Amino acid sequence: MLRVAVPNKGSLSEEAGTMLREAGYQVRATSKRLVHRDSDNGIEFFYLRPRDIAIYVGRGLIDLGITGRDLLLESGAEAKECLPLGFARSRFHYAGPEGAFHEITELDGLTVATSYPTLVERDLAQRGLSARVIKLDGAVEVSIELGVADAIADVVETGTTLRMAGLQTFGDPILHSEAVVIINRQRTSAAATFLRRLESVMVARDYVLVDYDIAAEHLAEATALTPGFESPTVSALHDSDWYAVRTMVAACDVHKIMDQLHAVGARAILVTNIGACRI
């Protein structure tokens, strides 16, 4: 039975649970449950602290895990990223009092507080800087006001928390992070199936199905706008001068494409969300 670690709480947990359900898996019904077996799909879910997941996977105790890229790199575990999942996106940044810093090189000889000391020490070393790094478990923003550090390094999503503390980011991001699937062992057929299912959910979220009718004289022009993957499905209608076309279109482009299709004569243009898709 395939063993998969899932974050036990927070936004990572909620979005991972949603994706797993969309992929056809049975997940836990209550947040108090730490282990859930989906016998129908031959999989066992272990709900663990996001920071611990890479350690379990790295030691081979768990086959696969869902965690953040930042947490994987911070852990130093012998696990590797095998599939980015496209949610829980964030940036890992240096920040300091508003107007105090402009370049990361200004940190040389100063003190930086962070919950990710491994990532920060590695980044500073690569830049040839000798800043002192202090590890804190959370709420690093207040460390500057309390005189513990000169600057911080932390995960930034919207930046609201930093602004409320009178801080601003400076320099390029240390890291762009998101939720990822990590693995230790060589992929088994069960692991490959799990990954394909998650990939199918991501494709379904990124694409929609478009159906429309088009006159024969404009068919080539319309299908050039909607080529699909291999090619669109084209069916003759009862009226021999018209065809029905079905194709997949990127969801972010669908309204623009609908405008273009209508302009070349397409009618009865319908858009349908996709529940799951494998390509």
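Helices, of at least four residues, and strands, of at least two, are DSSP runs counted here from the N terminus. With that in hand, let's look at this predicted model.

**The C-terminal domain**

The UniProt record, an unreviewed entry, places the feature "domain: Histidine biosynthesis HisG C-terminal" at residues 204–274. Across that stretch, 28% of the chain is helix and 41% is strand. The C-alpha atoms at its two ends lie 5 Å apart.

**Strand 9 and its partners**

Is strand 9 enclosed or open, going by its residues 151–156? Of its 6 residues, 5 are buried, so strand 9 is largely enclosed by the rest of the structure. Two pairings of this strand are worth a look, and the table sets them side by side.

| Partner of strand 9 | Sense | Bridges | A residue pair |
|---|---|---|---|
| Strand 6 (residues 90–97) | antiparallel | 5 bridges | H93 opposite D154 |
| Strand 7 (residues 111–114) | parallel | 3 bridges | A113 with I152 |

In the antiparallel pairing with strand 6, you will find H93 facing D154 of strand 9. On the parallel side, strand 7 pairs with strand 9, and A113 has I152 as its bridge partner there.

**Cysteines**

How many disulfides does the structure hold? The count is 0. C277 takes part in no disulfide, and the nearest cysteine sulfur, which belongs to C252, is 15 Å away. A disulfide would need the two sulfur atoms within 2.5 Å. C277 has a relative accessible area of 12%; buried means under 20%, so C277 counts as buried.

Definitions and conventions: Residues are numbered from 1 along each chain as its sequence is written. This is a predicted model: local features need pLDDT of at least 70, side-chain atom pairs count only at pLDDT 80 or more; totals for chains, interfaces and linings use all residues. Side-chain values use heavy atoms; hydrogens and water are left out. Buried means under 20% relative accessible area, exposed over 50%, partly exposed in between (1.4 Å probe, protein chains only). Two strands pair if DSSP finds at least two bridges between them. UniProt positions are given in the numbering used here, feature names are shortened, and annotations may be inferred rather than shown by experiment.
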